[in-house]
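Good morning, colleagues. I would ask you to open the structure on your screens and to follow along as I go through it.

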Amino acid sequence: MRNTVPGRRRSTATASLAALSALTLSLAACSGGSLSAADAGGDGEGDGLGTVKVGLAIPASGVYQPLGDDMQQGFDLYLDQHDGKLGGADVEVVVADEGEGPDTGVPAVNKLITQDQVGAIVGLVNSATALGVKDAVEQAQIPLLIANAGADQLTDGSDYIWRTSFTNGAVGAALGPAVAEAVDGPVYVMAADYAAGHESAAGFIEAFTAAGGEIAGESYTPFGSTSDWQPYLSQVQSSGASALYVFYAGAEAVNFVTQYDAFGLHDEVPLYGAGFLTEGGVLDAQGDAAVGVHTSLHYSDQIDSPENAEFVAAYRDAYDEAPTVYAVQAYDAAQVLDLAIAEAGSIDSTAIAEALGSVGEIASPRGGWTFDDLHNPSQTYFLREVQDVDGATVNAVQGDLG
Ligand code: BEZ
């Protein structure tokens, strides 16, 4: 297997820098972590708004830990670029470990609400965790900006929950018609056996079959505990499928793609997936095994635009690696909070939640996007192909999927 991209791997030194940066922000703002308008304005800092305490709930452990690292970096970068302020208010960041799933993620968010008494929450990678905290967040009336978890119904009808990422169904659906056009024959579907995997598969299957595609079979693999994909890959092979669509992310994506390659399916059954399959550090770890894999996603560090070029340069400068979709989603969440607090002229949680409806277009490295009626991004999805460019694997952008 060829060498990986040296610049993208996160060194211990870089990790320490990110942690230090968060700690510095917390210390700089340790005058009280104001939560409400009643607290605001008393410390003479910022624009007199006081200090907004933001809970950053991201995985620091489990299969999604690298995604959490990227989110921390994206959020930190935005703060660093804005003097550590959001909407003119000083910021205290409280980081909570979401872990792998609801068992760890739900208590982490509950702690942010009850013990840390944060004024807003950003983060959440895992859909099952996000679904598990929905009621608590609404009861506490704290704005939650989901910066990854894609559970389809998560934001519906909520005054407090907004999302800067995607819905799982939309990412899968974006790829359906393109696969129906490119593949001559039935497609097998495989995904992690929890909310995100099922929704991603359902979105793909609906759009793919509506475009004339045929499904060869489906398998859902135990989330977080599957280490051997061979039995499932055998099923794909014996199904006679002409291609494979999958949903895996983080460590599962690395294991799946390397085993798919080692099993000998690479040249036999082309691989398609939701873009998390080949995003960021996992692509480095997959190396040549990922070359030729096609995915749908709303970001690639290869997007050719001045906005993205500026962001990629700033991110590389800060962390010595390329940004990922997870970093962008968290960067944009900081931007949305910045705009909402400025619009509200207050760090009161309810005022921030109300102002989230008026933030308008978000100027993002992925391209401009707005919140739709269900509080999800209305955005462009891209068709990406993993290519070897000058000895480094990248998610080359092949076009828009709408
Ligand atoms: C999810 O649980 O919604 C999810 C996790 C990782 C990547 C994408 C989606």
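Let me begin at the ligand, where an oxygen atom lies 2.9 Å from a polar backbone atom of Gly150. Please bear in mind throughout that this is a predicted model. Two side chains also take part in the polar surroundings of the ligand. In Ser127, a side-chain N or O atom is 2.6 Å from a ligand oxygen, and in Tyr194 a polar side-chain atom is found 2.5 Å from an oxygen of the ligand. How much of the ligand's accessible area does the protein cover? The ligand on its own has 260 Å² of accessible area, and the protein covers 100% of it. There are 15 residues around the ligand, and those that come nearest are Val125, Ser127, Gly150, Tyr194 and Ala196.

Next, the chain as a whole. It contains 12 helices and 15 strands. Of its 402 residues, 58% count as buried. The area that the chain exposes is about 14,400 Å², with 48% of it supplied by carbon and sulfur atoms. As for contacts between residues at least 6 apart in sequence, 68% of them join residues at least 24 apart.

I turn now to the interior. In soluble globular proteins, nonpolar side chains tend to be buried together. Here the largest nonpolar core has 103 residues, and the members that touch the most others are Met190, Leu244, Phe256 and Phe276. Helix α11, residues 325–344, contributes the largest share of this core, with 12 residues. A second core, separate from that one, holds 21 residues, including Ala108, Val109, Ile121 and Ile161.

Leu244 deserves a closer look. Leaving aside residues up to four places away in sequence, its contacts include Val187, Tyr188, Val189 and Met190. Among its other contacts are Phe256, Tyr260, Pro270 and Tyr272.

Two of those contacts, Phe256 and Tyr260, bring us to helix α8, where both are buried. This helix spans residues 250–262, which is 13 residues, and it reaches 19 Å from first C-alpha to last, close to the 18 Å expected at 1.5 Å a residue. Its other buried positions are Gly250, Glu252, Ala253, Val254, Val257 and Gln259. What do the buried residues of α8 pack against? Their partners are the helices α2 (65–81), α7 (230–239) and α9 (281–286), together with the strands β7 (187–192), β9 (243–247) and β10 (271–274). Just after α8, Gly264 adopts a positive phi of about 95°.

Helix α11 invites a similar reading. It has 20 residues and reaches 28 Å between its first and last C-alpha atoms, close to the expected 28 Å at 1.5 Å a residue. Of these 20 residues, 16 are buried, so the helix is largely enclosed by the rest of the structure. Val325 is located in this helix and counts as buried, at 0% relative accessibility. Beyond residues up to four places away in sequence, Val325 touches Phe276, Glu279, Leu297, His298 and Tyr299. Its C-alpha is separated by 9.8 Å from that of Ala147, although the two residues are 178 apart along the chain. Just after α11, Gly345 takes a positive phi of about 65°.

That leads me to backbone geometry. Most residues other than glycine have a negative phi, and most peptide bonds are trans. Which way does phi point, positive or negative, at Leu124? Leu124 is not a glycine, yet its phi is positive, at about 75°. Leu124 sits in the loop between β4 (120–123) and α4 (127–140), and it is buried, with a relative accessible area of 0%. Gln141 likewise has a positive phi, near 55°, in a residue other than glycine. The loop that holds Gln141 runs between α4 and β5 (144–146). Is Gln141 buried or partly exposed? At a relative accessible area of 41%, Gln141 is partly exposed.

My last point concerns Asp288, in the loop between α9 and β11 (294–297). Asp288 is partly exposed, with a relative accessible area of 33%. In sequence, Asp288 and Asp388 are 100 residues apart; in space, their C-alpha atoms are 7.8 Å apart.

Thank you for your attention; I would be glad to take questions.

Definitions and conventions
Residues numbered from 1 in each chain as written. Predicted model: local features only at pLDDT ≥ 70, side-chain atom pairs only at ≥ 80, totals over all residues. Heavy atoms only, no water. Core = buried A, V, L, I, M, F, W, Y, C linked by side-chain atoms within 4.5 Å. Buried < 20%, exposed > 50% of the residue type's maximum accessible area, 1.4 Å probe, protein only. Helix = DSSP H or I, 4+ residues; strand = E, 2+ residues; numbered from the N terminus. Contact = heavy atoms within 4.5 Å. Near = heavy atom within 4 Å. Polar contact = N/O pair within 3.5 Å; in protein donor to acceptor, adjacent residues only side chain to side chain. Areas by Shrake-Rupley, 256 points an atom, 1.4 Å probe, with all protein chains shown as cover. Expected span 1.5 Å × (residues − 1).
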